[in-house]
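Welcome, and thanks for taking a look at this one with us. Have the sequence and the model side by side as you read on.

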Amino acid sequence: MVRLDSGASDNLFNNGSYFSISNELNFLITIVVAKSRESLQAFKVDEINVTQTLNGKTLKYIIKNVLHVPHLRKNLLLAGKNCLIIVLINNGETEIHNKNS
């Protein structure tokens, strides 16, 4: 499950199976969860392939620079960075593919 979040600091995913390209970070990035003040570590920066169907047409695009945060409870897409997704989600079907599909 993916949650659109206008308060997220960046695109954050806990599940590595969504990533099409994965790169180890040269240094760890610490993310502080707003509600719990819990600190989590990002180990990789990745890309995710997205396919959407709108009015019978298939659109494909890539979300780049997604931080891989294994202990994050929910996958978060920053709403401000992904405006195209917000618009299209209301009018069509959205699929976020894992790297094996």
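## Around Leu76

Let's start with one residue of this predicted model. Leaving out residues up to four places away in sequence, Leu76 touches Arg3, Asp5, Ala8, Asp10, Asn11, Leu12 and Phe13.

## Two nonpolar cores

Leu76 also belongs to the largest nonpolar core, a set of ten residues. Its companions there are Ala8, Leu12, Ile31, Leu40, Ala42, Leu67, Val69, Leu72 and Leu78. Strand 4 (39-54) and strand 6 (75-78) are the elements that give two or more residues to this core.

Another core lies apart from that one and has nine residues, including Tyr18, Phe19, Ile48 and Ile63.

## His68

Now for a polar residue: is His68 buried or exposed? His68 has a relative accessibility of 12%, and because buried means under 20%, His68 counts as buried. You will find His68 in strand 5, which covers residues 57-68.

The His68 side chain comes to 3.5 Å from the backbone oxygen of Asn14. Asn14 is also among the contacts of His68 beyond four places in sequence, together with Phe13, Asn15, Gly16, Phe19, Gln41, Ala42, Phe43, Lys44 and Asp46.

## The chain as a whole

Stepping back, the protein chain has seven strands and one helix, arranged along the sequence as β-β-β-β-β-β-α-β. Of the contacts with a separation of 6 or more, 65% join residues 24 or more positions apart.

The chain has 101 residues, and 32% of them are buried. Its accessible surface is about 6500 Å², with 51% belonging to carbon and sulfur atoms.

Definitions and conventions:
Residues numbered from 1 in each chain as written. Predicted model: local features only at pLDDT ≥ 70, side-chain atom pairs only at ≥ 80, totals over all residues. Heavy atoms only, no water. Helix = DSSP H or I, 4+ residues; strand = E, 2+ residues; numbered from the N terminus. Buried < 20%, exposed > 50% of the residue type's maximum accessible area, 1.4 Å probe, protein only. Contact = heavy atoms within 4.5 Å. Areas by Shrake-Rupley, 256 points an atom, 1.4 Å probe, with all protein chains shown as cover. Core = buried A, V, L, I, M, F, W, Y, C linked by side-chain atoms within 4.5 Å. Polar contact = N/O pair within 3.5 Å; in protein donor to acceptor, adjacent residues only side chain to side chain.
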